Amino acid sequence: MIERYTLPEMGRVWSDQHKYELWCRVETLVLEAHAAAGRVPAEVVQPVRDAPPPLPARVAEIEETTQHDVIAFLTAWADNTEPRSAAAYVHHGMTSSDLLDTALAVQLTEATDLLLARLDRLVAALRDHGLAHRDTIRVGRTHGVHAEPDVWGHRVADLAFAAARSRDRLRAARERVGVVAISGAVGTYSLIDPSVEVTVAEALDLRPADASTQVVLRDSISEWVAALAIIATVCETVALEVRHGQRTEVRELSEAFGSGQKGSSAMPHKKNPIRSERIAGLARVVRAAVVPVMEGIPLWHERDISHSSTERVFLPDAAITTDYLLHLTAGLVENLVVDADRMRANLESTGGLIYTSSVLLELVEGGASREDAYALVQSAAMETWNSGTPFRETLRVRAKDAGVELDEARLDEICRPERYVANLGPLFDRLAALS
């Protein structure tokens with residue numbers, strides 16, 4: 001991922017230098033296990049442990065000749081080992097994927113822990129914002145059209161629980177990708193004892209793979225990427241709500257606009273939802289990773305490397321982009337500007353049409369058939385749409401023409417927006433308990 005969208009901690013997880021540090025750690029743990037079992041000389045462990053990880057530039061230089069990244073790494077690391085002869089026992093009984101998949105599992109879990117921390121922040125931001133606006137009346141919209149009264153906190157609560165469920169999915173995916181596979185050339189442990197895999201897994205706080213051939217089957221990694229794609233899309237859902245709310249015709253929500261910030265090179269009046277639009281664009285990048293990574297599940301027999309190049313691109317990019325998306329989205333929510341007066345004005349802008357559902361039920365409960373009540377209310381509503389005459393006025397005329405008596409005091413009660421949100425208390429109790 002380009003530097004513009006890479007935050008330092010996540011960038012470090014996927015850096016070549018950190019990758020080689022992890023490779024050194026895995027190889028050292030394997031060597032220590034061999035030495036403890038008496039399979040290699042004990043005196044080789046300390047020189048290998050003390051050897052500094054090779055520099056990425058040196059590995060790349062050797063790989064120009066070997067055309068094999070693991071061999072290039074082992075050669076460069078051996079050059080850093082004193083005495084160099086101790087390095088002869090490094091990678092003992094292993095195949096490349098033992099090293100690659102085990103170190104990748106560490107990277108995936110490290111990345112996940114950073115993402116989970118950011119999800120904690122987003123969930124808290126949405127929870128607190130939703131609770132702060134549990135009484136902020138606004139109109140609900142379906143198909144983009146005014147529906148019934150609602151409160152802004154209700155919409156935010158829905159997003160908060162979605163973020164929390166996304167966090168749960170990622171935690172589950174972390175468990176499944178956190179596996180160690182050190183089983184040899186085709187996964188039969190032919191040249192390495194299964195106890196080595198167990199020892200290394202314990203040292204890394206991971207678990208041994210249930211089974212591996214030369215690689216770990218990519219279904220769990222695909223699940224992990226899919227979890228990131230859902231997170232990214234939840235972030236986009238938050239951003240889309242803000243983008244709609246910041247339209248001039250709506251003007252209920254807006255992103256924070258800092259001192260000295262500029263919205264347009266040509267139009268000085270512009271305040272654009274640039275953070276929300278950036279979230280929408282980058283969510284596409286994360287979703288784009290799902291299918292290519294999933295296509296790494298079916299490999300030829302015990303292994304091929306068609307998955308390798310795909311994962312080198314999409315796993316870091318998906319993690320780095322999701323990390324940045326969560327950072328953007330939490331900041332968006334924490335600094336969101338809500339115009340409660342504009343929300344109320346928009347709610348009242350259709351002259352009472354948002355109360356048609358309650359009027360319909362009131363007529364039915366008064367003895368009218370649903371078909372007759374619906375026809376009466378709809379005809380009055382359509383006249384309001386076309387003429388701008390308030391709904392209560394058009395309703396009176398249509399009811400009189402139909403010989404239907406209206407209870408004006410009762411209509412006063414049911415045409416009150418607070419009545420529509422009176423039953424949301426338990427939802428906000430659940431929201432308050434969200435952590």
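# A guided reading of the predicted model

Over residues 351-432 the chain is 67% helix and 0% strand, and the C-alpha atoms at the two ends of this stretch lie 35 Å apart. The UniProt record, in an unreviewed entry, annotates residues 351-432 as "domain: Adenylosuccinate lyase C-terminal". The structure described here is a predicted model.

The interior comes next. The largest nonpolar core has 88 residues, and Trp14, Leu126, Leu170, Trp224 and Val359 are the ones that touch the most other members. Helix 9, which spans residues 219-245, gives the most to this core, with 12 residues. Leu170 offers a view of the packing: leaving aside residues up to four places away in sequence, Leu170 touches Thr112, Leu115, Leu116, Leu119, Trp224, Ala227, Leu228 and Ile231. Apart from the largest core lies another core, of 38 residues, with Trp23, Ala86, Ile192 and Val200 among them.

Helix 9 also holds Ser220. Ser220 counts as buried because its relative accessibility is 12%, and the limit for buried residues is under 20%. Residues up to four places away in sequence not being counted, Ser220 touches Arg176 and Val177. Ser220 and Met294 are 74 residues apart in sequence, and their C-alpha atoms are 9.4 Å apart in space.

Charged side chains supply another set of links. Side chains of opposite charge can pair when their charged atoms come close. A search of the whole structure finds 33 salt bridges. One of them joins Arg39 to Asp193, with 3.7 Å between the closest N and O atoms. This pair links distant parts of the chain, 154 residues apart: Arg39 is in the loop between helix 2 (16-36) and helix 3 (45-50), while Asp193 is in the loop between strand 3 (179-180) and helix 8 (194-203). Arg39 is partly exposed, at 37% relative accessibility, and Asp193 is also partly exposed, with a relative accessible area of 32%.

A further salt bridge is formed by Arg167 and Asp120, whose closest N and O atoms are 2.8 Å apart. Here the link runs between helix 7 (residues 152-177), which contains Arg167, and helix 6 (residues 96-132), which contains Asp120; the two residues are 47 residues apart. How do the two partners sit relative to the surface, buried or partly exposed? Arg167 is buried, with a relative accessible area of 5%, whereas Asp120 counts as partly exposed at 37% relative accessibility.

The side chains of Glu362 and Arg410 also meet in a salt bridge, at 3.0 Å from N to O. Glu362 lies in helix 14 (residues 356-365) and Arg410 in helix 17 (residues 408-414), so this pair ties together parts that are 48 residues apart in sequence. Both ends are partly exposed, Glu362 at 22% relative accessibility and Arg410 at 30%. Salt bridges that share partners also join Arg138, Arg141, Arg155, Asp158, Glu241 and Glu252 into one network.

The surface has a nonpolar feature as well. Met1, Ile2 and Val285 form a nonpolar patch there, with about 220 Å² of accessible area together. Within this patch, Ile2 belongs to the segment before helix 1 (8-13). Ile2 is partly exposed, with a relative accessible area of 49%.

Some details of the backbone complete the picture. The peptide bond from Glu82 to Pro83 is cis, with omega near -5°. Pro83 is in the loop between helix 5 (69-79) and helix 6. Which residues other than glycine have a positive phi? Tyr189 is one of them, with phi near 60°, and Asp205 is another, with a positive phi of about 60°. Tyr189 is placed in the loop between strand 3 and helix 8, and Asp205 in the loop between helix 8 and strand 4 (207-208). Tyr189 counts as partly exposed at 27% relative accessibility. Asp205 counts as exposed because its relative accessibility is 67%, and exposed residues are those over 50%.

Terms used
Residues numbered from 1 in each chain as written. Predicted model: local features only at pLDDT ≥ 70, side-chain atom pairs only at ≥ 80, totals over all residues. Heavy atoms only, no water. Salt bridge = Lys/Arg side-chain N within 4 Å of Asp/Glu carboxyl O. Helix = DSSP H or I, 4+ residues; strand = E, 2+ residues; numbered from the N terminus. Buried < 20%, exposed > 50% of the residue type's maximum accessible area, 1.4 Å probe, protein only. Patch = residues over 30% accessible without salt bridge, like charges linked within 9 Å, V, L, I, M, F, W, Y side chains within 5 Å. Areas by Shrake-Rupley, 256 points an atom, 1.4 Å probe, with all protein chains shown as cover. Core = buried A, V, L, I, M, F, W, Y, C linked by side-chain atoms within 4.5 Å. Contact = heavy atoms within 4.5 Å. UniProt positions renumbered as here; feature names shortened; annotations may be inferred.
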